[in-house]
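The following exercises are to be worked through with the sequence and the model at hand. Each task is followed by a solution in steps.

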Amino acid sequence: MEKKNVVIIGGGVAGALLAKHLQDAAHVTLIDPKDYLEITWANLRSMVDQSFAERSMIYYSDFLPQVKLITSAANNITQTEVLTAHGDRIPYDYLVIATGHLHSDPLTRTDSLLKYHTSYDKISSSNTILIIGGGPTGVELAGEIISEFPDKKITLVNRGSRLLQFIGPKASQKALDWLISRNVDVLLNESVSLKPSSESVYETSGGETIVTDAYFNCTGKPLGSSWLKHTILKDNLDSKGALEVDKYLRVIGHKNVFAIGDITNVPELKQGFLAMKHADLTAKNLKLLFREGNEEKLDAYKPSQPLAFVSLGKKEGVAQVNKFTIGGCLPGFIKSKDLFVGKTRKTFGLNA
């Protein structure tokens, strides 16, 4: 049987893992502007630990030897082809959208390592640091800096009434208590103008003045879906920009187009390990379609119950498992020690 052409747009953990699963079973093309996979949940520690950056950025060629990589952005989709910003036209039998959230990552692994080196220098040379945003990115960055540089003076400003609003209030309070115990100034119900009133002086919406040597904007990133507004999938975007999918993770109304990872409207937390579950299921379903073409045998995806781990430095953390909240060393042991980097590398067939 002649192998099918599968085009995957987006080389994050979902798209890259799907490509790995399918590279023996189909002619796979992966489209991504970068030449490497970044384990994104490790990037905050990479800012304070250069060895971590080395382990968490992996050339696609290291684990996708049979996949054709096109280092460009996709900018249009027709019923039969994907078009790229570089002028490529790639035909497909099956298409998978895995563009996740927008990131301004460097296009090469070398430049990305340089970015983390620059961030390390910025942190290490600053006595005072402002973090804007109290979601998992802002909270975890504060924890990483405190763990590596306990003498830094950190101010964290959050627009909402509590930290980590994507999980329950008990977990939020544990994270807040942990930060305060490490002398982090946490300002809730505040925002910050990123235009300094004078050099290194910033004002909050509540009229407070913050003097800082450096700041990091950790507010949320939009979904990577704006380019789809001019494609055949333009009518499949919901009000938040997510792709509407059926229980098999197919874009509704398009039997040969799937979407996986953060880009979907699946009602669950947007997390890396869930994006990888999307990839596992979609690989299984596509292989079945390759062999039999029988849609009645496809496996449905079941949205996951809330499960969240937020690291607080290298040894502690806070977790919410369904309705239960755990703080301290146990979630720290599970996630914070290695941030699942070794496990993820093994999933891609690499040494931990």
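**Exercise 1: A salt-bridge network**

Task: Establish the burial of D246 and R250, and trace the salt bridges that involve them.

Solution. D246 has a relative accessible area of 25% and is therefore partly exposed (buried means under 20%, exposed over 50%, partly exposed in between, with a 1.4 Å probe and protein chains only). R250, at 9%, counts as buried. The two residues form a salt bridge whose closest N and O atoms are 3.1 Å apart; the term requires a side-chain nitrogen of Lys or Arg within 4 Å of a carboxyl oxygen of Asp or Glu.

Next, R250 also meets the side chain of E295 in a salt bridge, at 3.3 Å from N to O. This second pair links distant parts of the chain, 45 residues apart: E295 lies in the loop between α7 (272–291) and β17 (307–312), and R250 in the loop between β15 and β16. E295 is partly exposed at 30% relative accessibility. Finally, shared partners join D246, R250, K255 and E295 into one network. The structure holds 16 salt bridges.

Two conventions apply throughout. The model is predicted, so that local features need pLDDT of at least 70 and side-chain atom pairs count only at pLDDT 80 or more, while totals for chains, interfaces and linings use all residues. Residues are numbered from 1 along each chain as its sequence is written, and side-chain values use heavy atoms, with hydrogens and water left out.

**Exercise 2: One helix and its buried face**

Task: Compare the span of helix α4 with expectation, and locate its buried residues.

Solution. Helices (H or I, at least four residues) and strands (E, at least two) are DSSP runs numbered from the N terminus. Helix α4 covers residues 109–124; its 16 residues reach 23 Å from the first C-alpha to the last, close to the 22 Å expected at 1.5 Å a residue, where the expected span is 1.5 Å times one less than the number of residues. The buried residues of α4 are R109, S112, L113, Y116, S119 and I123. Seen down the axis, they fall within an arc of 115 degrees, so they line one face of the helix; the arc is that of the directions from the helix axis to the C-beta atoms.

R109 is buried at 13% relative accessibility and forms a salt bridge with E54, with the closest N and O atoms 3.1 Å apart. E54 belongs to helix α3 (residues 50–56), and the pair, 55 residues apart, links distant parts of the chain. E54 itself is partly exposed, at 42%.

**Exercise 3: Positive phi outside glycine**

Task: Which loops hold L249 and F340, and is each residue buried or partly exposed?

Solution. L249, with a positive phi of about 70 degrees although not a glycine, sits in the loop between β15 and β16 (257–259). L249 is buried, at 1% relative accessible area. F340 has a positive phi near 65 degrees and lies in the loop between α8 and α9 (341–347). F340 counts as partly exposed at 29%.

**Exercise 4: Overall dimensions**

Task: Check the radius of gyration against the globule rule.

Solution. The rule is 2.2 Å times the number of residues to the power 0.38, with the radius taken over C-alpha atoms. For 352 residues a compact globule would have a value near 20 Å, and the protein has 21 Å, which agrees. The C-alpha atoms fill a box of roughly 65 × 45 × 40 Å along the principal axes. Buried residues make up 51% of the 352 residues, and the protein contains 9 helices and 19 strands.
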